[in-house]
Amino acid sequence: MNFSGLITTDISYAGARGLSRRHYYRNTKPFVFSEDKECVMKHPFVAIVSAIALTLNASQVLAADLVDTAATSGTFKTFLAAAKKAGVIDTLKNSGPYTVFAPSDSAFKKLPPETLNSLMKDKTRLAEVLNHHVIQGKVAIADVKPGKVETIQGDMLTLTSDNGKVTVDNANVIQSDLMADNGVIHEIDTVVIPAELR
């Protein structure tokens, strides 16, 4: 931008980022130029539109479903691959709210290879096992109540909570409260397989 021939006056005040602003006058019409040269605002309307756009963009960034949240974590690659194979992925993306006790990649590695291979080859059984890790509602770890709770598969999980330590059947919660817009994920260290599906 060519600033030649401009009359300038410095006025310091708290802007959107607490920066001072320099006022330039050309043909008696002022416009504002940030001293850090990040932006030029010729009219207050521009600032308003920019603020609205930033707010909308921030809302979009914050909105993430359970699948996106699990993927961002980076520790649920096997769980997500299994969910996709079993046809559970759409449920986790598009409905809810759900609380997912998601086994980590390390949890799946603890399974005997023949068990994991058998599960991956049986789509129906795999979906049943994965659904066994999901309950209705968005339950933060602090709100977990000891006792039995029904899964979306229709069977029961046994939850315990003792001084912040939460277990899900024989699995331990090792990371909690990964919030999504349609639920919450708690990472567990063991794949929980109902006795009838073993």
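Here are four short exercises, with worked solutions, on a predicted model.

**Exercise 1: the sheet and its edges**

Work out the strand order of the open sheet, and find which strands are at its edges.

*Solution.* Start with the order: the seven strands of this open sheet run β6-β5-β11-β10-β9-β8-β7, and the pairing is mixed. Next, look for strands that pair on one side only; these are β6 (134-136) and β7 (147-150), the edge strands. Going from one strand to the next, the twist averages 35°.

Now zoom in on one pairing. β9 (residues 165-168) pairs with β10 in the antiparallel sense, over two bridges. If you want a landmark there, take Thr 167, which stands opposite Asn 172 of β10. Finally, check what sits on the sheet: α2 packs on it and touches β5, β10 and β11, with its direction at about 120° to that of β10.

**Exercise 2: strand β11 and its neighbours**

Take strand β11 (residues 183-188): how many of its residues are buried, and which way do they point? Then describe how β11 is joined to β5 and to β10.

*Solution.* Begin with burial: six of the six residues in β11 are buried, so the strand counts as mostly covered, with under 20% relative accessible area as the cut-off for each residue. Then sort the residues by direction. Gly 183, Ile 185 and Glu 187 point one way, while Val 184, His 186 and Ile 188 point the other way. That's the pattern to look for, because side chains in a regular strand alternate between the two faces of the sheet.

Next come the neighbours. β5 (residues 98-103) runs parallel to β11, and six bridges join the two. To line them up, use Ala 102, whose bridge partner in β11 is Glu 187. With β10 (residues 171-180), β11 runs antiparallel, and five bridges join this pair. Here the handy marker is Val 173, which has Ile 188 as its bridge partner in β11. Last step: trace the chain from β10 to β11, and you'll find a hairpin that joins them through two residues.

**Exercise 3: the salt bridges**

How many salt bridges are there, and which residues do they join into one network?

*Solution.* The count is two. One of them pairs Lys 93 with Asp 65, with the closest N and O atoms 2.8 Å apart. Lys 93 lies in helix α4 (residues 89-94) and Asp 65 in the loop between α1 (44-62) and α2 (66-73), so this pair ties together parts that are 28 residues apart in sequence. As for accessibility, Lys 93 is partly exposed at 31%, whereas Asp 65 counts as buried at 10%.

The other bridge runs from Asp 68 to Lys 93, where the closest N and O atoms are 3.6 Å apart. Asp 68 belongs to helix α2 and Lys 93 to helix α4, so the parts tied together are 25 residues apart in sequence. Asp 68 is partly exposed, with a relative accessible area of 34%. Put the bridges together: they share partners, and Asp 65, Asp 68 and Lys 93 end up in one network.

**Exercise 4: a helix crossing**

At what angle do helices α6 and α7 cross, and which residues make the contact?

*Solution.* First, the geometry: the axes of α6 (residues 113-121) and α7 (residues 123-131) come within 5 Å and cross at roughly 110°. Angles of 65 to 115 degrees count as roughly perpendicular, so that is the label for this pair. Then list the contact: α6 brings Ser 118, Leu 119, Met 120 and Lys 121, and α7 brings Lys 123, Arg 125, Leu 126 and Val 129. Sort these by type and you get four nonpolar, one polar and three charged residues.

Technical notes: Residues are numbered from 1 along each chain as its sequence is written. This is a predicted model: local features need pLDDT of at least 70, side-chain atom pairs count only at pLDDT 80 or more; totals for chains, interfaces and linings use all residues. Side-chain values use heavy atoms; hydrogens and water are left out. Buried means under 20% relative accessible area, exposed over 50%, partly exposed in between (1.4 Å probe, protein chains only). Helices (H or I, at least four residues) and strands (E, at least two) are DSSP runs, numbered from the N terminus. Two strands pair if DSSP finds at least two bridges between them. A salt bridge is a side-chain nitrogen of Lys or Arg within 4 Å of a carboxyl oxygen of Asp or Glu. Axes are lines fitted to C-alpha atoms, for helices over the stretch in contact, and angles run from 0 to 180 degrees between N-to-C directions. Contact means heavy atoms within 4.5 Å. Angles under 35 degrees count as roughly parallel, over 145 as roughly antiparallel, 65 to 115 as roughly perpendicular and the rest as oblique. Ala, Val, Leu, Ile, Met, Phe, Trp, Tyr, Cys and Pro count as nonpolar, Asp, Glu, Lys and Arg as charged, and the others, Gly among them, as polar.
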